[in-house]
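These are my notebook entries on a single model, set down in the order in which I looked things up.

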Amino acid sequence: MISYSPIDRQSHIRQSTSTIKQYASSENCLNLLWHKNQLIIRENENLYFSTQELEKMSVTLSTSIYLGEHRQNNYFAYHLDNWDSGFKDLRLVDLRSASLMATDYHLGLLFYSKGLLNWHHNHQYCAKCGSETSITQSGHARKCANSKCAKEHFPRIEPAVITAISNNQDSEAKLLLARQSEWPEKRYSVIAGFAEPGESLEAAVKREALEEVGLVIDKVDYFASQPWPFPSSLMVGFKSVTSQTEITLIDQELEKAQWFTAKEIESEIKSGNLLMPYSVSISWYLIDDWFKQQTGYSLRDIEKD
Ligand SMILES: [Zn+2]
């Protein structure tokens, strides 16, 4: 469900200020509120606020974004400038914590809104002439205030590849898992990196595998993709196969990398010596996909034990 995105973004009405205004003030409008890098939620973990509630809160909302429509509800996201810890029954949570409370559908909206807010935050000035920019198209573009320039800026995403590398040469297939030194102890994942200009995603997978673990990849197959607003990536997942086994940490980006059989993954998780990545991430799904192919059951079945 990592690529799940049922909302109708209604991009054709973004330029119609009157329609958007009407949607924003209607009763079936659901608003997400962000303050800096955190989501504002209620104590009961409800993620959305009605327009009427926002009016009562007398807060300064900036960076208004129309997200789209789903089942007769219109969704908006705002940045709240003046967070006051005295707000009754409200608290701030970071996106990772919020995503653990959200279903796949709402998670998609959190990632969507946070990705756009990150972009607005980092594009206050025109990259061409340096003048200030302001929001247009209901939060989906910015325009330079300098009339001689008037350049329009659109949100940018940074494509990154993420790949599960397996080796099926022996009787028992193995998966490569690796860790970075700054991660929590015992946490392992698959390898990832940004695609470079002029490079295909498949070529980026092969380059990253060679740079990070010294393995030549024989085969690359697309798996799925996932928006990852930390701050603006689109993670594109691939399943890779190598016939090599010798691991060399060439660029020192990783602290450790090693091969695991499915049995080893299971026993190490059960004994608490191996922690899987964040369970809503594409890295988790890539590992789970490989694990399921070997065992016939999911990582969820053993992680909950
Ligand atoms: Zn400009």
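**Entry 1: a cis peptide bond.** I began with Pro231, which I located in the loop between strand 12 (219–228) and strand 13 (233–241). The peptide bond that leads from Phe230 into Pro231 is cis, and I noted its omega as near 5 degrees. Since I am working from a predicted model, I turned next to the confidence values before going further.

**Entry 2: confidence.** The mean pLDDT of the protein is 92, and 97% of the residues score at least 70. I then asked where confidence is lowest and where it is highest. The lowest mean, 83, belongs to helix 3 (residues 95–101), whereas strand 10 (residues 174–179) has the highest, at 98.

**Entry 3: overall build.** I counted 8 helices and 14 strands in the protein, and I noted that its C-alpha atoms fill a box of roughly 65 × 50 × 35 Å along the principal axes. Of the 305 residues, 48% are buried. When I looked at contacts with a separation of 6 or more, I found that 62% of them come from residues 24 or more positions apart.

**Entry 4: the zinc site.** Which residues are the protein donors of the zinc ion? I found Cys126, Cys129, Cys144 and Cys149, each through its SG atom, at 2.3 to 2.4 Å from the ion. Along the sequence these donor residues follow the spacing C-x2-C-x14-C-x4-C. Within this set, Cys126 and Cys144 link distant parts of the chain, being 18 residues apart: Cys126 sits in the loop between helix 4 (104–122) and strand 6 (133–136), and Cys144 in strand 7 (residues 141–144).

I next checked the geometry, and the arrangement is tetrahedral because the 4 donor atoms subtend angles of 97 to 113 degrees around the zinc ion, which fall inside the 85 to 135 degrees that the term requires.

For exposure, I found that both Cys126 and Cys144 are buried. Cys144 has a relative accessibility of 5%, so it counts as buried, while Cys129, at 35%, counts as partly exposed; the cut-off for buried is under 20%. I also looked for disulfides, and the structure holds 0 of them.

**Entry 5: helix 6.** Which residues of helix 6 (residues 262–270) are buried? My list reads Ala262, Ile265, Glu266 and Ile269. They lie on the same side of helix 6, because the arc they cover around the axis is only 95 degrees. This agrees with the general rule that an α-helix has 3.6 residues a turn, so residues three or four places apart point the same way. As for their partners, the buried residues of helix 6 pack against strand 10, strand 14 (256–261), helix 7 (282–295) and helix 8 (299–303). Just after helix 6 I came upon Gly272, which takes a positive phi of about 80 degrees.

**Entry 6: positive phi outside glycine.** I then looked at residues other than glycine with a positive phi, and noted two. Gln137 has a phi near 50 degrees, and I placed it in the loop between strand 6 and strand 7. Lys186 is not a glycine either, yet its phi is positive, at about 75 degrees; I found Lys186 in the loop between strand 10 and strand 11 (191–194). Is Lys186 buried or partly exposed? With a relative accessibility of 35%, Lys186 counts as partly exposed, because that value lies between the 20% limit for buried and the 50% limit for exposed.

Notes:
Residues numbered from 1 in each chain as written. Predicted model: local features only at pLDDT ≥ 70, side-chain atom pairs only at ≥ 80, totals over all residues. Heavy atoms only, no water. pLDDT = per-residue confidence, 0-100. Helix = DSSP H or I, 4+ residues; strand = E, 2+ residues; numbered from the N terminus. Disulfide = S-S within 2.5 Å. Buried < 20%, exposed > 50% of the residue type's maximum accessible area, 1.4 Å probe, protein only. Donors = N, O, S within 2.8 Å, 3.2 Å for Na, K, Ca; no water. Tetrahedral: all angles 85-135°; square planar, octahedral: opposite > 155°, others 65-115°. Arc of directions from axis to C-beta. Contact = heavy atoms within 4.5 Å.
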